[in-house]
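This report covers a few residues of one protein model, with attention to backbone angles, exposure and contacts.

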Amino acid sequence: MPGIKLTDLIDKSTLQKIQEGFSRFTGIASIITDTEGVPITKGSGFTKFCFNLNRKSELGNNLCQLCDKKGTLKAIKDGKVSVYTCHAGMVECAAPITVNDEFAGCFIGGQVRPAKLDETLLRRRALRLGLDPDEYVREAENTKIKNPREVARAAEFLSELAGLISTMALKNFNTVQNTKMMEKASKAQALFVSEMARKMEESIKRWTKDISLISRMDDVEKARSRISEIAEQGTELYSIVADSMTFIEEAEGRASLYEKVYSPSLDFNITAGSIKKTCTTKDTDFEFNLDESVPEMLLGDVTRLSQIIYKLCQNAFIQAKGSKVKLDISAKKQSYASILKIKIINEKSRTSDEEIKFITDYFLTGSKAFLVHKIINDMGLPLVYMLIHQLSGTFSIERNQEKNLLVTIEIPQLDAGGEEI
């Protein structure tokens, strides 16, 4: 619970009321401290012996705080309320206040004494603290006498109240954490959309500049070559625009499927061609395989399916410096449907095992809490998650036997007739 204090979770007035209720009910003085034994409430039912003498002395106050802390640490170690004798000879009891299994403070009761007092010892203590020995003894004798049974009952009640405070603090702590997590998730989502907008703006500027240069070219062949390159840039721009619109529509609950009969051989080869043109570099290679198990015609949202394939292959190339990315699509029969199995294999991925775990957990839960992780947003996975979820698909990521990174997606599609290849 780093950086969070008990008073951040429960206001002082509430703690004060609980504490005062304990003192009125038991007749025992009490106070609530922080983890260092420093009071965070005003003492309830304090005796003159403790408040006007011991705690008014600098050395005495330090010893009081030290005793409070030691008593609490003993309670934590023993797993139950601690009953002990303080430096001034008073009987005290302490119970820890915990939040999320971490020490957050201490509820302390006491300032009572046994029937007999050692006057000689009290006078020595007074001199050590720089106090008047006669007054010190007199006020010690004015403190309440409690027998062991009464102290035990008060200690048990104190422990129950400390447990109640711990429960209240934990509920408030969870609320604070959830609020912070939602704020981070919201910022991460906004950042993701902002990043897509930035990429779109860069592509449009580059596109506009290239078109302007072509208009001034005298060499027809060079102009044709540049036009071909610009067309490829247009494919990249279209992909960014499509990603942005899909993400916004899905986030607002306006997205819907556009199912149609399509040819996997034709459409997936077009997607693979686009990947090869826009994603590969001089030091990377791309291999595409469409298995014979894939039917000739299917019914489904091939546009969103292609978006998923393009996005994941694009991510693979970003992570695959100087290696090969393989795209393999096969199918298996399941009742009247075909389950498309899409595998993307990255031979030299820089994705760490910790990042693989984050990605796996994100796709298992869909929790916005994972949006705070850089890898989730850098790879555009919120969009991929939305698309796969909308298509009733599954996602997995792992290292295969060759230590290559393997991403597998399974998407159900309806058979649309025609013989299988």
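Is Q111 buried or exposed? Q111 is buried, at a relative accessible area of 6%, where buried means under 20%, exposed over 50%, and partly exposed in between (1.4 Å probe, protein chains only). The model is predicted, so local features need pLDDT of at least 70 and side-chain atom pairs count only at pLDDT 80 or more, while totals for chains, interfaces and linings use all residues. Residues are numbered from 1 along each chain as its sequence is written, and side-chain values use heavy atoms, with hydrogens and water left out.

Q111 sits in strand β4 (residues 102-113); strands (E, at least two residues) and helices (H or I, at least four) are DSSP runs, numbered from the N terminus. Most residues other than glycine have a negative phi. Q111 has a positive phi near 65°, and S392 has a positive phi near 60°.

| Residue | Location | Relative accessibility |
|---|---|---|
| Q111 | strand β4 (residues 102-113) | 6%, buried |
| S392 | loop between α13 (381-390) and β11 (394-399) | 56%, exposed |
| T360 | helix α11 (residues 353-365) | 27%, partly exposed |

T360 belongs to helix α11. A polar atom of the T360 side chain lies 2.9 Å from the backbone oxygen of I356, a polar contact being a pair of N or O atoms within 3.5 Å; within protein, one must be able to donate a hydrogen and the other to accept it, and residues adjacent in sequence count only if both atoms are side-chain atoms. The C-alpha atoms of T360 and S396 are 6.6 Å apart in space, with their positions 36 residues apart in sequence.
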